[in-house]
Amino acid sequence: MTVDPRWHDFASPEQLAEQFAEDVANFLKVAISQRGHALLALSGGTTPAPFFRRLAQHDLDWSKVVVVPVDERFVPVSSERSNEKLIRDNLLTGKAADARFTPLYHDTATPNEAADQADRAVADLSLPFDVVVLGMGGDGHTASFFPDSPELVDVTDPSATRRVAAVTAPSADEPRLTLTLPLLLSAGLLALHIEGQEKRGVFEAALAQPNPQEKPISAVLLHAATPLHIYWAPKKGEVS
Ligand SMILES: O=C1O[C@H](COP(=O)(O)O)[C@@H](O)[C@H](O)[C@H]1O
């Protein structure tokens, strides 16, 4: 059995960003009204900045929102490759600057020590996440679940007890920190944000023949117990 995919297709990245931000903001508002706070996990990379900027414009009680990266490079926040920097620069601005941020990166001697610190900090949050926004690379990686990572089996184990783990992969430039599969799958709203025909093809291939070793997004497809909401738009210049 694979996940129930719910497609949300848009004509442009701008239209996607606007509607996706509204859907996530509404989900956060409901979480705040029901449990007094909301937990939001966000992916990084090159795709989500316009969505973050639209989300930041939403009028909600940001002081009650906790934001956590889905995954992170083991680089300081000053690095242009830091997902934390991306989130801080594009989401945590204006009213949304009141949100609390729980980092995965810590300035430790090793990625494992940073993962231990982040694991404890995430354990102290009032889990589960209300909203998890995944991304996906052209190789089918999601979070920092890379096809060539020696830690892939551990971080995609549906019964993993660690919440945050350090990973390495020849295809990733730096060591990484990632939330593990069960934490991602426990979200109230599980969404995947991808753009472009190529990524759609990669995703549809994984859906047709899920194999986590080849396309790690398959681990989500095989183990999610709730629908996966896919927000997709063609890239600029592509037809939908
Ligand atoms: O390395 C990463 O890549 C994926 C996908 O990023 P994109 O640049 O292809 O949009 C992202 O989901 C992940 O958070 C990030 O660390």
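**Exercise 1. Decide whether Ala143 is buried or exposed.**

Step 1. Recall the rule: a residue is buried if 20 or more other C-beta atoms, placed from the backbone, lie within 10 Å of its own, exposed if 12 or fewer, and partly exposed in between.
Step 2. Take the count: Ala143 has 31 other C-beta atoms within 10 Å.
Step 3. Apply the rule: Ala143 is therefore buried.

The model is predicted: local features need pLDDT of at least 70, side-chain atom pairs count only at pLDDT 80 or more, and totals for chains, interfaces and linings use all residues. Residue numbers start from 1 along each chain as its sequence is written.

**Exercise 2. Describe the backbone at Ala143 and at the bond from Leu127 to Pro128.**

Step 1. Know the usual case. Most residues other than glycine have a negative phi, and most peptide bonds are trans.
Step 2. Check Ala143. Its phi is positive, about 45 degrees, although Ala143 is not a glycine. Ala143 sits in the loop between β6 and α5 (152–155). Helices (H or I, at least four residues) and strands (E, at least two) are DSSP runs, numbered from the N terminus.
Step 3. Check the bond. Leu127 and Pro128 are joined by a cis peptide bond, with omega about 10 degrees. Pro128 belongs to the loop between α4 and β6 (131–134).

**Exercise 3. Test the span of α4 and find where its buried residues point.**

Step 1. Work out the expected span, which is 1.5 Å times one less than the number of residues. For the 13 residues of α4 this gives 18 Å, and the end C-alpha atoms are 18 Å apart, so the two agree.
Step 2. List the buried residues of α4: Pro111, Ala114, Ala115, Ala118, Asp119 and Val122.
Step 3. Place them. They cover an arc of only 140 degrees around the axis, so they lie on the same side of α4. The arc is that of the directions from the helix axis to the C-beta atoms.
Step 4. Look across. Arg120 and Ala123 are exposed on the other side of α4.
Step 5. Find the partners. The buried residues of α4 pack against β3 (65–69), β7 (164–167) and β8 (176–179); contact means C-beta atoms, placed from the backbone, within 7 Å.

**Exercise 4. Classify Ala121.**

Step 1. Locate Ala121: it lies in helix α4 (residues 111–123).
Step 2. Count. Ala121 has 16 C-beta neighbours inside 10 Å, so it is partly exposed.
Step 3. Compare positions. Ala121 and Leu104 are 17 residues apart in sequence; their C-alpha atoms are 8.7 Å apart in space.

Notes: Contact = placed C-beta atoms within 7 Å.
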